[in-house]
Amino acid sequence: MDPMLSTTTRPKAYSYLRFSTPEQMKGDSLRRQTDLATLYAARHGLDLDTSTFQDLGVSAFSGDNARTGALFKFQQFVYEGVIPAGSYLLVESLDRLSRSDIVEAQGLLMSIIGRGITVVTLQQGAERVYSREALRANPHELIIAIVEMMRAHGESATKAARLKEAWQAKRSRLGTVNLTSIAPAWLKARPAKNGFDVIPDRADVVRRMFLDYLGGVGLESIASRLNQAAVKPWGRGTFWRRSYVAKIIVNPAVIGVFVPHTDQRVNGRTVRTPCEPVLGYFPPILDEEAFHAAQAMKQKAGREATARPRSGGVRHLLAGLAVCPLCGASMSRITKGSRTKAGHPYLVCSRAKQGAGCVYKAVRVKDVDAAITIGASFVVGTAPSGQSGLDQEWQATQDQRDAVDAAMDNLLDALGHGGESRPIRQRLDILQADRDLLTKRLALLAEQIGTSSSIFVGKALDDLQRTITGDIETLDIPKANAALRRVLKSVTVDYPNGELEFAWAQGGETRLTYGWPLE
């Protein structure tokens, strides 16, 4: 093929990159796969699209990449005609596509080929082309592909079996050694891994939760009391929430019981199955009578809630997206008045709602939703088309970290040869801090890459335009909300200025007026 043909007449090629563990990101896996695709496209006169499909840290053994990942999106685009027949899919090897059992793996490969896509494996010294024409001319190539997919599945299945055996062996030693170092927030694992110690002040907080709950105080009120008392929340949360209190109330670890689970993949989802409870695994901090009384109250409340009619589901466009302009916390939907005489729904800062500070300002949901539907064309029209430079930024950041690693190696060599230790160690500390920042930046870029390629953005924006345009009364709210969440990181409800600030997943912001600014 003439490499001088214009990109409008040359066949399109798409690169698919995948690795299953974050550790592989630290090595050369991504760069190697990218370079192979670039070289092949250049040698064969293909127009390599910048919309690289990437499943970074996604398993092909479980099939997640083909069910919900970037490979699934590639198949969707082929099916919808966004990616035309005659295009190429470039992969390092077939195990990048699938490590599932041979029936699923072969079916995946043949379904892609069956829609007119040529699959090319790029492994150095073993390039292979799989297409309808190629397999008709050389059917034995399909046999080679099947053997390769069987090998890949066998390797992953063996690894999974060994990991399962290791966990079963650890479970058999329960009572003499900790299964993991993970413990409830009111306990800490001993360094010797032979038990747990109680954190007294946290245990007191848990006991107070149960005392309040058994005294008729609701879960939300318990969370508000903790916030108002300035009790520092545990974990990653910035304030106490109803949901976190609820998890503690039903956790049998408070009476010393550990419930291990096994994980299984079922239809592309991880299903957790509880195993036999282990009594006395944790030190108890609450008497059993109080715990079981709390469970009886919780079950009664659950039955009453089930008996009440509920609308359920997503009920406004910014569900899961709305954030407070003052503190950055999420905003929750509330209705004022009794259950039977509820008024208009509003958005309020969840931090203010839980009594954890911030300003309690209610914004009418109807005003926000109406502004979005009326301004749909403006919102979609001003969205960035995608950051084509993310891959280059990822590579530049990786190069910076490689340079830091090389500098650290040189300093360590100097230490080993009797160099001045204090200045060198000070310099090592600075370099280590730089390396940590670069590592965090690489992880952030890897997240953004999956949603910022131009082909993803273009398709998602087309879907968004269709779903949020129309009369708010007849709009499919859950579908529209899902379309918004695919392309947005958040929407700041900037009520002081009467504006909504849309933060796009691919970078950039759009501002839309929804009401009058505050005086």
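Contact, as the word is used in this report, means heavy atoms within 4.5 Å of each other. The structure described here is a predicted model, and two parts of it are taken in turn: a pair of helices and a sheet with a helix lying across two of its strands.

**The helix pair**

Two packed helices are described by the angle between their axes and the distance between the axes. For helix α9, which spans residues 200–214, and helix α10, which spans residues 219–228, the packing angle is about 140° and the axes are 10 Å apart. Angles over 145 degrees would count as roughly antiparallel and those from 65 to 115 as roughly perpendicular; α9 and α10 are therefore oblique to each other. The crossing in which α9 passes α10 is right-handed. On the α9 side the residues that meet α10 are Val 205, Met 209, Asp 212 and Tyr 213, and their counterparts in α10 are Leu 219, Ile 222, Arg 225 and Leu 226. Sorted by class, this contact has six nonpolar and two charged residues, with no polar ones.

**The sheet**

Strands of a sheet pair through backbone hydrogen bonds, either parallel or antiparallel. Here four strands make up an open sheet in the order β11-β15-β16-β17, and the pairing is mixed. Its edge strands, each of which pairs on one side only, are β11 (322–323) and β17 (509–513).

Two hairpins involve β16, and the table sets them side by side.

| Hairpin | Pairing | Residues between strands | Glycine in the turn, phi |
|---|---|---|---|
| β15 and β16 | antiparallel, six bridges | four residues | Gly 498, about 65° |
| β16 and β17 | antiparallel, five bridges | four residues | Gly 507, about 100° |

Individual residue pairs can be followed along these strands. Between β15 and β16, Leu 488 stands opposite Trp 504, which belongs to β16. Strand β16 covers residues 499–504, and on its pairing with β17 the bridge partner of Leu 500 is Leu 512, while Ala 503 stands opposite Glu 509. In the turns, Gly 498 has a positive phi in the hairpin of β15 and β16, and Gly 507 likewise has a positive phi in the hairpin of β16 and β17.

**A helix across the sheet**

Helix α19, made up of residues 477–487, lies across β15 (488–494) and β16, and its direction is at about 105° to that of β15.

Notes
Residues numbered from 1 in each chain as written. Predicted model: local features only at pLDDT ≥ 70, side-chain atom pairs only at ≥ 80, totals over all residues. Heavy atoms only, no water. Axes fitted to C-alpha atoms, helices over the stretch in contact; angles between N-to-C directions. Parallel < 35°, antiparallel > 145°, perpendicular 65-115°, else oblique. Left-handed = near helix turned anticlockwise from the far one by under 90°. Nonpolar A, V, L, I, M, F, W, Y, C, P; charged D, E, K, R; others polar. Pairing = 2+ DSSP bridges.
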